[in-house]
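Biologist: Could you walk me through this one? I would like to hear the reasoning along with the results.

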Amino acid sequence: MTLRQERSSVSRRLAYVVISVVFANYLTNAFSYVLQAGPTPTRITGSLACLLTIGYLQLRVFSRPGSNLRSAKSYAALGVMAGLVYVPYSFFPNAWAGMPGFLAGSALLVLPGRVRWFVFAAVALSNGAIRSQYVSDPAQLAYHVVSAMVAGMAVYGLSRLPTLVKQLETARSELADLAVSQERLRFARDLHDLLGFSLSAITLKVELATRMIGAHTDRAARELAEILGIAREALTDVRAVASSYRELSLADEIESARSVLTAAGVRATIETDHSDLSPRSRTVLATVLREGVTNLLRHSEATRCTITITGTDRLASIDIVNDGAPAEPGTERGSGLGNLVTRTTAIGGSLLAGAAPDGTYRLHAEVPADPAPEKPAKTPRFSGPPIATRFAQVLLTAVVIGYAAMAMTLVTYYPIAVTGVEVTAAGIAGTVALVLGVVIRPHVRLSLAQRVAVLTGLAICVYVPPLVFGNPYLAGVPGFLAGAGALLLPRRAGWIAFFSVVVLQGVVYGALGEDAVAIAYGVLATTNHGLVLYALTRLRSMVMQLHEAREELATAAVTQERLRFARDLHDLLGYSLSAITLKSELTHRLLTVDPARARQELTEVLEISRQALADVRSVALSYRELSFDEETQSAQALLSAADIDVTVKIDACDQLPKEVKVTLATVLREGVTNLLRHSKAEHCEIVLSSSRHLVTMDIVNDGITVERRSPDGSGIDNLTTRVRALGGDLHAGLTPEHTYRLRAEIPLPLS
């Protein structure tokens, strides 16, 4: 078992142990009050049956990772829980005062949206209303309302966090797959930009050199020399892509563009007038030039081309104008203008392309002469419901404050002097300040002496009020001292301190003359408070560790993908480019001594270059195509990890054309990405339905999605382009039901 797997296993075991102990303490405390009220066989049997059923429902239904909490079974279990909480209340009024916390926490787990918080508040208030039939003191009533809320949050948090740990274990591998997919797209873009141009240029020049052999031997020799240069550069490009770094020379690209355009019979006019540019700006302009010329040769019938590069100390621009009418390259498997937009905007530039009124086609790009330093990639942050770390931090803070509020309500209930109220309030406030400010702070690093000092301060805040005024109920929250000991001290010493505080609390209750039930309450309450503090703090730390593990795994997966890509490049292209280089050198030597043999060698070079170009496209295609099934699974995992309820209804799509499935996978990925980044959804529905002539996919959520372009240049416009390329259409916007829907409709070809 790896360290990461062992850590995850420990996280789950710890969660189950803490949940079981805390819930058992709640139930045991209730049963002790049943015994105090007068044990009879009927009362013991009835109360035990109810309490054990409550515990079973909480552990096996509501707290079980993987349970469908929106199912009919869960709703039925919630109804049974409500009956078990409220019906026995009239038979066991004192014992059942703590049971509404289970119902409040379960309601937060099962019910959707804002409804759960209304029910949560209603349950807490109902506890005070029911207790008002037995007690009239406002402080006691407030105590029971607050205690139900705090218990509900503890039940909710302890039940939810193990599920989140499991979801994160699944989500980290899915997110690693996404990181790999992004790396694949980057590789494919670099492969297209760097090698596609080189191999296209080789093909053009080989065709030209073949025609020149015999009639214009000198010209053929020059072309062969350029072919050799391009082939060698292409080999360098293969290594550059594999090693993830490539800086292009703008001067070399200008000369290469001039040569290739001339070889293709395009009259080229190139004007350059620019100041010194940073390497990043030069590389981007060189990439725009290379891609622009490549698209011109592939997608137009131009006879003239004007390339103008100008610049100042602050800004540089490039214009590529031709008299052809090229097709939009951005519609061809996602390469072309989309890549150029990504590159230019990444350094603060811009790019425009389109036909002019005079019938020419213009590609214009502007980049800063010295762009800002490149920022390291950031992990995407979703604006949807809080997950994991933030959720745990908010919940932990709320529970600490809730326990303090419970203690404060008791200050006014028990008779005590004004000075006693002040001292007790100061003790409670000091306890909360130390716990929130030091004990549960994730990034606070303390020496052993400082930890002991913090524990000493907590002990003073916890024990001075009851010892001075003779009432153990004024001890604030002694469980926080126990939990802090387990958190701050080394493991063995920490748990010794934990149980010492628990036992000491029982001793304090006994020394102050309390009965057995009160002593049991003091021990159980201290244990629960300490375990809740310890568990929520530890589980939050474990969630943070899982986030870090996810990033490590993603990095490792990307590294493996980079190595595999390098191997594919070597296997597919290394031989072809080496063969082109060797045969070009041989042809150069044969030009004057054996023209016929030279022409034969060039014919073979032409075949090899065409095959190499096909290999480039095949590798790029295999790295760019998305699997609809994989994207569906990834979407489910990501949405679940973001605490968004997801419903997926997918018709059988095995028979759909390949290009349709790839496009639907792209729409699904972009739709889910936008939902996570730009909405506050709590529920999402993904539906794919197909008929004989049409396939429709809907992504519907209950948040308000802001239509934005993602940083890589994609977005609704890009998705629309992809869908329309297949004859379909894409719609996005609000529905009459106040949901947001992204719909893609693609017609299917007749069989």
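Here is our conversation about its helices and its sheet.

Biologist: How are H2 and H3 oriented to each other?

Modeller: Happy to start there, with the note that this is a predicted model. Helix H2 (residues 41-62) and helix H3 (residues 72-86) pack at an angle of about 155 degrees, their axes 10 Å apart. Angles over 145 degrees count as roughly antiparallel. H2 and H3 are therefore roughly antiparallel.

Biologist: How many charged residues are in the contact of H2 with H3?

Modeller: On the H2 side the contact includes Cys50, Ile54 and Leu57, and on the H3 side Ala77, Leu78 and Met81 are among the residues involved. By class, the contact has ten nonpolar and three polar residues, and the number of charged ones is zero.

Biologist: Is helix H4 largely enclosed or open?

Modeller: Let's look at burial, which means under 20% relative accessible area. Phe102, Leu103 and Ser106 are among the buried residues of H4. Eleven of the eleven residues of H4 (residues 100-110) are buried, so the helix is largely enclosed by the rest of the structure.

Biologist: Which strands stand at the edges of the sheet?

Modeller: Nice one to reason from the order. The five strands form an open, mixed sheet in the order S1-S2-S3-S5-S4. Each edge strand has a single partner, so one side of each is left without a neighbour in the sheet; these strands are S1 (267-273) and S4 (350-355).

Biologist: Which residue in S3 stands opposite Thr308?

Modeller: S2 (residues 304-311) and S3 (residues 315-322) pair in the antiparallel sense over seven bridges. Opposite Thr308 stands Asp319.

Technical notes. Residues numbered from 1 in each chain as written. Predicted model: local features only at pLDDT ≥ 70, side-chain atom pairs only at ≥ 80, totals over all residues. Heavy atoms only, no water. Axes fitted to C-alpha atoms, helices over the stretch in contact; angles between N-to-C directions. Helix = DSSP H or I, 4+ residues; strand = E, 2+ residues; numbered from the N terminus. Parallel < 35°, antiparallel > 145°, perpendicular 65-115°, else oblique. Contact = heavy atoms within 4.5 Å. Nonpolar A, V, L, I, M, F, W, Y, C, P; charged D, E, K, R; others polar. Buried < 20%, exposed > 50% of the residue type's maximum accessible area, 1.4 Å probe, protein only. Pairing = 2+ DSSP bridges.
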